[in-house]
Amino acid sequence: MPPTNKAAWLLTYENPSLVVKEAPYTFPSTNQIVVRAHAVSINPVDAAIPFRGAVVFPWLKLPFILGSDISGEIVELGPGVENLKVGDRVVGQCLAWQHNNPVEGAYQEYVVMQQNMVCKIPDEIPYEEAAVLPLCLATAACGLFEKRFLGLEFPSFEPREQGKTVMIWGGSTSVGCNAVQLAVAAGYEVFSTASPKNFEMVKKLGAKMVFDHNSATAVEEIVAALKGKTIAGAYAIGAPTSDRNGFSAGEACLEIVKRSEGRKFAAMAMHGPAELAPEGVEAKFVTGEQFKTNEVGKMIYGEYLPRALKERKFLCMPEAVVVGNGLEKIQEAFEVQKKGVSAKKIVVTL
Ligand SMILES: NC(=O)c1ccc[n+]([C@@H]2O[C@H](COP(=O)([O-])OP(=O)(O)OC[C@H]3O[C@@H](n4cnc5c(N)ncnc54)[C@H](OP(=O)(O)O)[C@@H]3O)[C@@H](O)[C@H]2O)c1
(Lines give C-alpha, C1' and ligand atoms only; values in the text may rest on other atoms or scores of the structure.)
Protein backbone atom coordinates (compact mmCIF):
# COMPACT_ATOMS: atom_id res chain seq x y z
CA MET A 1 0.00 0.00 0.00
CA PRO A 2 1.45 3.42 -0.90
CA PRO A 3 1.50 5.96 1.93
CA THR A 4 -1.24 8.59 2.09
CA ASN A 5 -0.17 11.99 0.84
CA LYS A 6 -1.24 15.55 1.58
CA ALA A 7 -0.51 18.81 -0.23
CA ALA A 8 -1.04 22.56 0.01
CA TRP A 9 -3.16 23.09 -3.14
CA LEU A 10 -3.76 26.22 -5.15
CA LEU A 11 -7.34 25.45 -6.22
CA THR A 12 -8.39 28.60 -8.09
CA TYR A 13 -7.01 32.05 -8.85
CA GLU A 14 -10.27 33.54 -7.52
CA ASN A 15 -9.39 32.16 -4.07
CA PRO A 16 -5.58 32.41 -3.95
CA SER A 17 -5.17 30.96 -0.42
CA LEU A 18 -3.64 27.48 -0.38
CA VAL A 19 -5.86 24.65 0.86
CA VAL A 20 -4.34 21.61 2.60
CA LYS A 21 -5.98 18.36 1.58
CA GLU A 22 -5.18 14.90 0.30
CA ALA A 23 -3.12 14.37 -2.85
CA PRO A 24 -2.33 11.19 -4.74
CA TYR A 25 0.90 9.34 -3.96
CA THR A 26 2.57 8.94 -7.35
CA PHE A 27 5.03 6.16 -8.15
CA PRO A 28 8.31 7.29 -9.72
CA SER A 29 8.88 6.72 -13.46
CA THR A 30 12.26 6.12 -15.09
CA ASN A 31 15.02 8.30 -13.60
CA GLN A 32 12.65 9.65 -10.95
CA ILE A 33 12.60 9.29 -7.17
CA VAL A 34 10.05 10.01 -4.47
CA VAL A 35 11.19 12.24 -1.63
CA ARG A 36 9.42 12.59 1.72
CA ALA A 37 9.69 16.36 2.20
CA HIS A 38 11.10 17.52 5.54
CA ALA A 39 11.66 21.22 4.71
CA VAL A 40 10.57 23.53 1.90
CA SER A 41 11.49 27.13 1.20
CA ILE A 42 9.58 30.01 -0.35
CA ASN A 43 10.78 31.89 -3.43
CA PRO A 44 9.21 35.22 -4.47
CA VAL A 45 7.72 33.47 -7.50
CA ASP A 46 5.95 30.84 -5.35
CA ALA A 47 4.18 33.52 -3.33
CA ALA A 48 3.36 35.50 -6.50
CA ILE A 49 1.80 32.70 -8.58
CA PRO A 50 -1.54 32.61 -6.70
CA PHE A 51 -2.00 36.28 -7.64
CA ARG A 52 -0.17 36.60 -10.95
CA GLY A 53 0.06 33.01 -12.20
CA ALA A 54 -2.73 33.37 -14.75
CA VAL A 55 -0.64 36.09 -16.43
CA VAL A 56 2.93 34.92 -15.76
CA PHE A 57 2.39 31.16 -16.11
CA PRO A 58 -0.72 30.95 -18.30
CA TRP A 59 -0.05 27.29 -19.11
CA LEU A 60 -0.51 26.16 -15.46
CA LYS A 61 -3.63 24.08 -15.02
CA LEU A 62 -5.27 24.40 -11.58
CA PRO A 63 -5.66 22.76 -9.12
CA PHE A 64 -1.91 22.85 -8.67
CA ILE A 65 0.85 22.18 -6.11
CA LEU A 66 3.49 24.91 -6.07
CA GLY A 67 7.03 24.94 -4.72
CA SER A 68 10.54 24.47 -6.09
CA ASP A 69 12.79 23.98 -3.09
CA ILE A 70 12.80 20.87 -0.98
CA SER A 71 15.00 18.80 1.29
CA GLY A 72 13.99 15.40 2.57
CA GLU A 73 14.52 11.69 2.53
CA ILE A 74 14.28 9.37 -0.48
CA VAL A 75 11.52 6.80 0.01
CA GLU A 76 11.32 5.22 -3.44
CA LEU A 77 13.46 4.86 -6.58
CA GLY A 78 12.17 4.56 -10.14
CA PRO A 79 13.82 2.40 -12.80
CA GLY A 80 17.27 3.56 -13.94
CA VAL A 81 18.14 5.55 -10.82
CA GLU A 82 21.83 5.28 -9.96
CA ASN A 83 23.99 6.52 -7.09
CA LEU A 84 20.98 7.19 -4.83
CA LYS A 85 19.24 4.89 -2.38
CA VAL A 86 16.17 4.79 -0.19
CA GLY A 87 16.97 6.63 3.06
CA ASP A 88 19.39 9.15 1.50
CA ARG A 89 18.99 12.71 2.78
CA VAL A 90 18.80 15.02 -0.25
CA VAL A 91 18.18 18.60 -1.32
CA GLY A 92 16.85 19.42 -4.76
CA GLN A 93 14.74 21.39 -7.18
CA CYS A 94 11.17 20.41 -8.02
CA LEU A 95 9.93 21.01 -11.53
CA ALA A 96 6.16 21.29 -11.12
CA TRP A 97 5.58 24.55 -12.99
CA GLN A 98 8.21 23.76 -15.62
CA HIS A 99 6.38 20.48 -16.40
CA ASN A 100 2.86 21.70 -15.56
CA ASN A 101 2.65 18.70 -13.25
CA PRO A 102 1.48 19.09 -9.62
CA VAL A 103 2.98 15.70 -8.74
CA GLU A 104 6.37 17.46 -8.92
CA GLY A 105 5.43 20.40 -6.64
CA ALA A 106 7.41 20.80 -3.41
CA TYR A 107 4.49 21.72 -1.15
CA GLN A 108 3.34 18.17 -0.41
CA GLU A 109 4.53 15.32 1.75
CA TYR A 110 5.66 12.96 -1.03
CA VAL A 111 7.22 14.61 -4.07
CA VAL A 112 8.28 13.04 -7.37
CA MET A 113 11.65 14.43 -8.46
CA GLN A 114 14.17 13.89 -11.24
CA GLN A 115 17.21 12.00 -10.00
CA ASN A 116 19.61 14.52 -11.59
CA MET A 117 18.03 17.46 -9.74
CA VAL A 118 18.97 16.33 -6.24
CA CYS A 119 22.17 15.97 -4.28
CA LYS A 120 22.89 14.18 -1.03
CA ILE A 121 23.35 16.33 2.05
CA PRO A 122 25.69 15.44 4.87
CA ASP A 123 24.15 14.39 8.20
CA GLU A 124 25.39 17.51 9.96
CA ILE A 125 23.40 19.86 7.67
CA PRO A 126 19.79 20.10 8.92
CA TYR A 127 17.01 19.83 6.36
CA GLU A 128 15.82 23.40 7.01
CA GLU A 129 19.29 24.75 6.31
CA ALA A 130 19.68 22.88 3.00
CA ALA A 131 16.19 23.81 1.73
CA VAL A 132 17.27 27.42 1.08
CA LEU A 133 19.31 26.45 -1.95
CA PRO A 134 17.68 24.94 -5.03
CA LEU A 135 15.94 27.51 -7.29
CA CYS A 136 18.27 30.38 -6.40
CA LEU A 137 21.33 28.18 -6.74
CA ALA A 138 20.17 27.15 -10.23
CA THR A 139 19.47 30.77 -11.20
CA ALA A 140 22.87 31.86 -9.92
CA ALA A 141 24.68 29.02 -11.70
CA CYS A 142 22.91 29.48 -15.04
CA GLY A 143 23.57 33.23 -15.10
CA LEU A 144 27.25 32.80 -14.24
CA PHE A 145 28.22 29.69 -16.19
CA GLU A 146 25.93 29.16 -19.19
CA LYS A 147 27.65 30.26 -22.40
CA ARG A 148 24.61 32.33 -23.44
CA PHE A 149 24.99 34.39 -20.24
CA LEU A 150 28.30 35.23 -18.49
CA GLY A 151 29.96 31.96 -19.56
CA LEU A 152 32.45 31.97 -16.66
CA GLU A 153 34.82 29.12 -15.87
CA PHE A 154 33.23 26.45 -13.66
CA PRO A 155 33.87 26.39 -9.88
CA SER A 156 36.64 24.21 -8.57
CA PHE A 157 38.05 23.06 -5.24
CA GLU A 158 41.40 24.60 -6.11
CA PRO A 159 40.32 27.68 -8.05
CA ARG A 160 42.84 29.19 -10.42
CA GLU A 161 42.91 32.99 -10.20
CA GLN A 162 41.15 34.27 -13.32
CA GLY A 163 42.53 37.81 -12.99
CA LYS A 164 39.05 39.23 -13.63
CA THR A 165 36.33 40.80 -11.50
CA VAL A 166 32.64 39.87 -11.60
CA MET A 167 30.13 42.47 -10.47
CA ILE A 168 27.28 40.78 -8.59
CA TRP A 169 24.63 43.39 -7.77
CA GLY A 170 22.45 42.14 -4.89
CA GLY A 171 24.86 39.85 -3.03
CA SER A 172 22.51 39.64 -0.03
CA THR A 173 19.57 38.34 -2.09
CA SER A 174 19.00 34.64 -2.12
CA VAL A 175 20.23 34.33 -5.73
CA GLY A 176 23.13 36.64 -4.86
CA CYS A 177 24.39 34.58 -1.88
CA ASN A 178 24.73 31.62 -4.25
CA ALA A 179 26.22 33.66 -7.08
CA VAL A 180 28.92 35.24 -4.91
CA GLN A 181 30.07 31.87 -3.59
CA LEU A 182 30.07 30.21 -7.02
CA ALA A 183 31.98 33.04 -8.73
CA VAL A 184 34.60 33.04 -5.97
CA ALA A 185 34.94 29.25 -6.24
CA ALA A 186 35.52 29.71 -9.96
CA GLY A 187 38.51 31.96 -9.25
CA TYR A 188 37.03 35.41 -9.92
CA GLU A 189 37.35 38.48 -7.73
CA VAL A 190 33.80 39.50 -6.76
CA PHE A 191 32.44 42.99 -6.16
CA SER A 192 28.93 43.02 -4.78
CA THR A 193 26.20 45.12 -3.13
CA ALA A 194 24.01 44.85 -0.03
CA SER A 195 22.60 47.04 2.73
CA PRO A 196 25.38 47.94 5.18
CA LYS A 197 24.04 45.54 7.85
CA ASN A 198 24.70 42.66 5.41
CA PHE A 199 28.18 43.73 4.25
CA GLU A 200 29.98 41.31 6.59
CA MET A 201 27.80 38.38 5.50
CA VAL A 202 28.47 39.02 1.79
CA LYS A 203 32.20 39.38 2.52
CA LYS A 204 32.12 36.09 4.44
CA LEU A 205 30.75 34.48 1.27
CA GLY A 206 33.90 35.69 -0.49
CA ALA A 207 33.15 39.11 -1.99
CA LYS A 208 36.23 41.35 -2.03
CA MET A 209 34.31 44.64 -1.88
CA VAL A 210 30.68 45.31 -1.00
CA PHE A 211 28.84 48.56 -1.77
CA ASP A 212 25.54 49.91 -0.44
CA HIS A 213 22.88 49.33 -3.10
CA ASN A 214 20.65 51.92 -1.41
CA SER A 215 23.17 54.68 -1.97
CA ALA A 216 22.63 57.09 -4.87
CA THR A 217 26.41 57.07 -5.41
CA ALA A 218 26.83 53.27 -5.53
CA VAL A 219 27.38 53.11 -9.30
CA GLU A 220 30.00 55.89 -9.21
CA GLU A 221 31.82 54.20 -6.32
CA ILE A 222 31.86 50.84 -8.09
CA VAL A 223 33.05 52.30 -11.40
CA ALA A 224 35.86 54.05 -9.50
CA ALA A 225 36.83 50.87 -7.63
CA LEU A 226 36.95 48.93 -10.91
CA LYS A 227 39.52 51.31 -12.45
CA GLY A 228 42.55 49.32 -13.55
CA LYS A 229 40.66 46.01 -13.35
CA THR A 230 39.15 43.85 -16.06
CA ILE A 231 35.58 42.72 -15.56
CA ALA A 232 34.14 39.40 -16.70
CA GLY A 233 30.68 41.01 -16.76
CA ALA A 234 27.95 41.77 -14.26
CA TYR A 235 24.98 39.92 -12.79
CA ALA A 236 22.02 42.11 -11.78
CA ILE A 237 19.92 40.60 -8.98
CA GLY A 238 17.11 42.21 -6.96
CA ALA A 239 15.58 45.69 -7.29
CA PRO A 240 13.61 45.03 -10.48
CA THR A 241 12.46 48.66 -10.69
CA SER A 242 14.16 52.00 -10.23
CA ASP A 243 11.72 53.45 -7.69
CA ARG A 244 13.92 52.96 -4.62
CA ASN A 245 16.99 55.01 -5.38
CA GLY A 246 16.72 56.10 -8.96
CA PHE A 247 18.09 52.99 -10.67
CA SER A 248 17.19 49.31 -10.80
CA ALA A 249 19.80 46.59 -10.36
CA GLY A 250 19.72 46.07 -14.12
CA GLU A 251 20.22 49.73 -14.96
CA ALA A 252 23.08 49.95 -12.45
CA CYS A 253 24.83 46.96 -14.00
CA LEU A 254 24.41 48.29 -17.55
CA GLU A 255 26.08 51.53 -16.48
CA ILE A 256 28.89 49.71 -14.65
CA VAL A 257 29.81 47.43 -17.55
CA LYS A 258 29.52 50.31 -20.03
CA ARG A 259 32.06 52.35 -18.08
CA SER A 260 34.50 49.54 -17.14
CA GLU A 261 37.22 47.64 -18.98
CA GLY A 262 36.43 44.07 -19.97
CA ARG A 263 33.34 42.16 -21.05
CA LYS A 264 30.40 44.47 -21.63
CA PHE A 265 27.73 41.96 -20.69
CA ALA A 266 25.11 42.02 -17.94
CA ALA A 267 23.08 38.97 -16.98
CA MET A 268 19.77 39.93 -15.36
CA ALA A 269 17.71 37.86 -12.93
CA MET A 270 14.71 40.14 -13.57
CA HIS A 271 12.74 40.97 -16.72
CA GLY A 272 12.90 44.47 -18.12
CA PRO A 273 16.18 46.31 -17.96
CA ALA A 274 17.94 44.04 -20.48
CA GLU A 275 15.98 45.88 -23.16
CA LEU A 276 17.59 49.16 -22.06
CA ALA A 277 21.15 48.06 -22.90
CA PRO A 278 23.03 50.94 -24.55
CA GLU A 279 25.03 50.47 -27.75
CA GLY A 280 28.08 48.30 -27.18
CA VAL A 281 26.59 46.57 -24.13
CA GLU A 282 24.78 43.23 -24.25
CA ALA A 283 22.28 42.14 -21.62
CA LYS A 284 20.08 39.09 -21.21
CA PHE A 285 17.37 37.93 -18.86
CA VAL A 286 18.47 34.72 -17.14
CA THR A 287 16.18 31.74 -17.30
CA GLY A 288 17.11 28.52 -15.58
CA GLU A 289 14.91 26.29 -17.74
CA GLN A 290 17.88 24.46 -19.29
CA PHE A 291 19.45 23.66 -15.90
CA LYS A 292 17.69 20.28 -15.71
CA THR A 293 19.40 19.10 -18.91
CA ASN A 294 22.51 21.22 -19.43
CA GLU A 295 26.17 20.94 -18.41
CA VAL A 296 25.73 23.54 -15.66
CA GLY A 297 23.07 21.50 -13.83
CA LYS A 298 25.15 18.37 -14.25
CA MET A 299 28.20 20.11 -12.81
CA ILE A 300 26.29 21.60 -9.83
CA TYR A 301 24.26 18.58 -8.69
CA GLY A 302 26.49 15.85 -10.08
CA GLU A 303 29.92 17.15 -9.13
CA TYR A 304 30.36 20.41 -7.28
CA LEU A 305 27.58 20.66 -4.70
CA PRO A 306 27.78 17.23 -2.98
CA ARG A 307 31.48 17.63 -2.20
CA ALA A 308 31.25 21.36 -1.49
CA LEU A 309 28.47 20.77 1.08
CA LYS A 310 30.36 17.90 2.64
CA GLU A 311 33.54 19.93 2.99
CA ARG A 312 31.55 23.03 4.03
CA LYS A 313 33.09 24.90 1.08
CA PHE A 314 29.62 26.02 0.00
CA LEU A 315 27.32 27.52 2.63
CA CYS A 316 23.53 27.19 2.61
CA MET A 317 22.76 30.91 2.50
CA PRO A 318 20.90 33.13 3.06
CA GLU A 319 20.07 31.95 6.55
CA ALA A 320 16.84 29.98 6.94
CA VAL A 321 14.04 31.45 9.03
CA VAL A 322 11.60 28.68 9.96
CA VAL A 323 8.06 30.08 10.06
CA GLY A 324 6.57 26.87 11.44
CA ASN A 325 5.89 23.20 10.90
CA GLY A 326 3.26 21.66 8.62
CA LEU A 327 1.72 22.31 5.20
CA GLU A 328 -0.79 24.68 6.84
CA LYS A 329 2.11 27.06 7.56
CA ILE A 330 3.00 27.56 3.89
CA GLN A 331 0.32 30.21 3.37
CA GLU A 332 1.66 32.10 6.39
CA ALA A 333 5.18 31.72 5.00
CA PHE A 334 3.97 33.29 1.70
CA GLU A 335 2.70 36.31 3.63
CA VAL A 336 6.06 36.69 5.43
CA GLN A 337 7.96 36.43 2.13
CA LYS A 338 5.72 39.00 0.45
CA LYS A 339 6.43 41.56 3.20
CA GLY A 340 10.09 41.37 2.13
CA VAL A 341 13.17 39.71 3.56
CA SER A 342 16.72 40.86 4.15
CA ALA A 343 19.36 38.17 3.69
CA LYS A 344 16.93 35.51 4.89
CA LYS A 345 15.06 32.62 3.30
CA ILE A 346 11.61 31.69 4.55
CA VAL A 347 11.34 27.97 5.35
CA VAL A 348 8.60 25.62 6.57
CA THR A 349 9.45 22.22 8.07
CA LEU A 350 7.24 19.21 7.32
N1 LIG B 1 15.24 34.60 -13.57
C2 LIG B 1 14.95 33.64 -12.73
O3 LIG B 1 14.81 32.48 -13.09
C4 LIG B 1 14.83 34.00 -11.26
C5 LIG B 1 14.90 33.01 -10.27
C6 LIG B 1 14.87 33.39 -8.93
C7 LIG B 1 14.72 34.73 -8.60
N8 LIG B 1 14.59 35.65 -9.60
C9 LIG B 1 14.42 37.08 -9.29
O10 LIG B 1 15.64 37.52 -8.73
C11 LIG B 1 15.38 38.52 -7.76
C12 LIG B 1 16.01 38.09 -6.45
O13 LIG B 1 15.33 36.94 -5.96
P14 LIG B 1 15.71 36.40 -4.52
O15 LIG B 1 14.83 35.27 -4.20
O16 LIG B 1 17.17 36.23 -4.46
O17 LIG B 1 15.28 37.69 -3.66
P18 LIG B 1 15.22 37.92 -2.11
O19 LIG B 1 16.30 37.18 -1.41
O20 LIG B 1 13.82 37.71 -1.63
O21 LIG B 1 15.50 39.49 -2.11
C22 LIG B 1 15.58 40.18 -0.91
C23 LIG B 1 16.86 40.96 -0.94
O24 LIG B 1 16.73 42.06 -1.85
C25 LIG B 1 17.80 42.90 -1.51
N26 LIG B 1 17.70 44.27 -2.05
C27 LIG B 1 17.06 45.33 -1.51
N28 LIG B 1 17.30 46.43 -2.26
C29 LIG B 1 18.11 46.05 -3.26
C30 LIG B 1 18.74 46.73 -4.34
N31 LIG B 1 18.55 48.05 -4.54
N32 LIG B 1 19.51 46.01 -5.19
C33 LIG B 1 19.70 44.69 -5.00
N34 LIG B 1 19.16 43.99 -3.99
C35 LIG B 1 18.37 44.68 -3.13
C36 LIG B 1 17.79 42.91 0.00
O37 LIG B 1 19.13 43.08 0.43
P38 LIG B 1 19.47 44.03 1.69
O39 LIG B 1 18.52 43.65 2.77
O40 LIG B 1 20.90 43.72 1.98
O41 LIG B 1 19.24 45.43 1.20
C42 LIG B 1 17.24 41.53 0.38
O43 LIG B 1 18.19 40.70 0.99
C44 LIG B 1 13.86 38.66 -7.66
O45 LIG B 1 13.47 39.76 -8.47
C46 LIG B 1 13.36 37.36 -8.25
O47 LIG B 1 12.08 37.48 -8.81
C48 LIG B 1 14.66 35.32 -10.91
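The protein chain, in this predicted model, folds into 10 helices and 16 strands. Its radius of gyration is 20 Å, close to the 20 Å that the globule rule gives for 350 residues, so the chain is as compact as a globular protein of that length. If you like to picture a box, the C-alpha atoms fill one of roughly 65 × 45 × 35 Å along the principal axes. And of those 350 residues, 56% count as buried.

Now to the ligand, which I suspect is what you came for. How many residues surround the ligand? There are 25, and the closest are S172, V175, S195, H213 and S342. What kinds of residues make up that shell? It divides into 13 nonpolar, 11 polar and one charged.

Where does the shell come from? Domain 1, covering 5-133 + 317-349, gives residues to it, and domain 2, covering 137-285, does too, so the ligand lies between the two domains. Looking at helices, α4 (134-145) supplies at least two residues of the shell, and so does α5 (174-185).

Let me go through some polar partners of the ligand. With S172, an N or O atom of the side chain sits 2.6 Å from a ligand oxygen atom; remember that S172 is also among the closest residues of the shell. With W169, an N or O atom of the side chain is 3.0 Å from a nitrogen atom of the ligand. With A343, the partner is a polar backbone atom, 2.9 Å from an oxygen atom of the ligand. As for coverage, the ligand has 930 Å² of accessible area on its own, and the protein covers 84% of that.

Let's stay with A343 for a moment, because of its backbone and its burial: at 10% relative accessibility, A343 counts as buried. Its phi is near 50 degrees, a positive value in a residue other than glycine. You will find A343 in the loop between α10 (329-339) and β16 (344-349).

There is another residue with a positive phi to show you, N100. Its phi is about 50 degrees, although N100 is not a glycine. N100 lies in the loop between α2 (96-99) and β7 (110-114). Is N100 buried or partly exposed? Its relative accessible area is 25%, which makes N100 partly exposed.

While we are on the backbone, here are two cis peptide bonds to look at on the screen. One joins L62 and P63, with omega about 0 degrees, and P63 has its place in the loop between α1 (44-56) and β4 (64-65). The other joins M317 and P318, with omega about 5 degrees. P318 is found in the loop between α9 (295-310) and β15 (319-325).

My last stop is I256, in helix α8, residues 249-258. I256 is buried, with a relative accessible area of 0%. How far apart are I256 and G143 in space? Their C-alpha atoms are 17 Å apart, and in sequence the two residues are separated by 113 residues.

If you take one picture back to the bench, let it be the ligand lying between domain 1 and domain 2, with 84% of its accessible area covered by the protein. Thanks for listening, and I'm happy to turn the model around for anyone who wants another look.

Technical notes: Residues are numbered from 1 along each chain as its sequence is written. This is a predicted model: local features need pLDDT of at least 70, side-chain atom pairs count only at pLDDT 80 or more; totals for chains, interfaces and linings use all residues. Side-chain values use heavy atoms; hydrogens and water are left out. A residue is near a molecule or strand if one of its heavy atoms lies within 4 Å of it. A polar contact is a pair of N or O atoms within 3.5 Å; within protein, one must be able to donate a hydrogen and the other to accept it, and residues adjacent in sequence count only if both atoms are side-chain atoms. Accessible areas come from the Shrake-Rupley method with a 1.4 Å probe; for residues, only the protein chains shown count as cover. Helices (H or I, at least four residues) and strands (E, at least two) are DSSP runs, numbered from the N terminus. Ala, Val, Leu, Ile, Met, Phe, Trp, Tyr, Cys and Pro count as nonpolar, Asp, Glu, Lys and Arg as charged, and the others, Gly among them, as polar. Domain bounds come from an automatic or database domain assignment. The radius of gyration is taken over C-alpha atoms; the globule rule is 2.2 Å times the number of residues to the power 0.38. Buried means under 20% relative accessible area, exposed over 50%, partly exposed in between (1.4 Å probe, protein chains only).
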